[in-house]
Amino acid sequence: LRHSILILQRDLSEKNIDLDIDLDKVQIYSNEELLQQVWLNLLSNAIKFTKENGKISIQLMDTEDTATVKITDNGIGMKPESLNHIFDKFYQEDRSHSSNGNGLGLPLVKRIVDLCSGTIRVKSLLGEGSSFTVELPKNNIKILRIFCVYVTMESLKRKKRKNEKAKNHSIAKKTKESGDKHGKHKISCRGRRSVHRRSEGF
């Protein structure tokens with residue numbers, strides 16, 4: 001979340017937006033890269049629809065089983081009828097900056113939050129601003145299962161590579177030993193033939 005804020009620092013500075021940050025220290029098991037897309041989308045929207053010298057509040061709250069992120073702005077807000085459609089694919093409310101997007105941002109956010117076994121809620125008043133709340137389980141069972149399967153597969157792959165390496169080393173060693181014995185045999189034979197020829201010459 002902090003990294004996403006830093007990425008958008010330039011956009012915040014250009015509009016001179018006052019940023020109020022209150023982040024609890026929270027540790028969760030989930031997909032960091034996917035969740036960063038969530039924060040970037042929500043923060044980008046908040047910046048886009050907040051006027052110059054506006055204010056954006058970012059909260060990260062720690063509870064017993066969940067981590068809650070709340071992003072609130074005092075921007076232009078949304079009409080009540082639009083709240084039922086903002087997570088629909090390609091939906092764009094008729095707002096002054098809507099032409100800057102393609103209508104995929106919030107549906108993507110919703111999809112990622114669902115994949116992470118979380119929930120997302122939105123409150124908005126036209127002319128007063130919007131507030132998005134994302135709740136995520138600290139221990140995402142889906143992610144943990146995928147991680148366990150991944151670790152197991154990687155462990156099996158390492159074991160297989162180790163066995164193959166040991167097998168190849170053993171074969172190479174036997175081949176070398178066999179080659180050495182064969183070479184000695186040739187030398188010995190040549191020596192006997194050479195002696196025999198000299199005997200015939202005498």
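The lining of the largest cavity in this predicted model is a mixed bag: six of its residues are nonpolar, two are polar and two are charged. This cavity holds about 90 Å³ of space. Of the 10 residues that line it, N45, F49, D73, S130 and F132 come closest to its centre. Three elements, namely α3, β3 (66-73) and β5 (129-137), give two or more residues each to this lining, and α3 gives the most, with three.

The largest cavity has company, as the structure holds two cavities of 30 Å³ or more. The second largest offers about 30 Å³ of space. Its walls come from I5, L8, L12, L19, L43, I47, I56 and I58. By class that makes eight nonpolar residues, with no polar and no charged ones. Helix α3 turns up here too: α3 and β2 (55-62) each supply at least two residues of this second lining.

That leaves α3 itself, which runs over residues 32-48. With 1.5 Å allowed per residue, its 17 residues should span 24 Å, and the end C-alpha atoms do sit 24 Å apart, so the expected and modelled lengths agree. At the N-terminal end, N31 acts as a cap, with a side-chain oxygen 3.2 Å from the backbone nitrogen of E33. Buried residues of the helix include L35, V38, W39, L40 and N41, and further along L42, L43, N45, A46 and I47. Among them, N45 is one of the residues closest to the centre of the largest cavity, while L43 and I47 help line the second largest.

Terms used:
Residues numbered from 1 in each chain as written. Predicted model: local features only at pLDDT ≥ 70, side-chain atom pairs only at ≥ 80, totals over all residues. Heavy atoms only, no water. Helix = DSSP H or I, 4+ residues; strand = E, 2+ residues; numbered from the N terminus. Expected span 1.5 Å × (residues − 1). Buried < 20%, exposed > 50% of the residue type's maximum accessible area, 1.4 Å probe, protein only. Polar contact = N/O pair within 3.5 Å; in protein donor to acceptor, adjacent residues only side chain to side chain. 1 Å grid on protein atoms, 1.4 Å probe; cavity = no way out; pocket = protein on both sides within 12 Å on 5 of 7 lines; lining within 4 Å. Points joined across faces, edges and corners; volume = space filled by probe spheres on them. Nonpolar A, V, L, I, M, F, W, Y, C, P; charged D, E, K, R; others polar.
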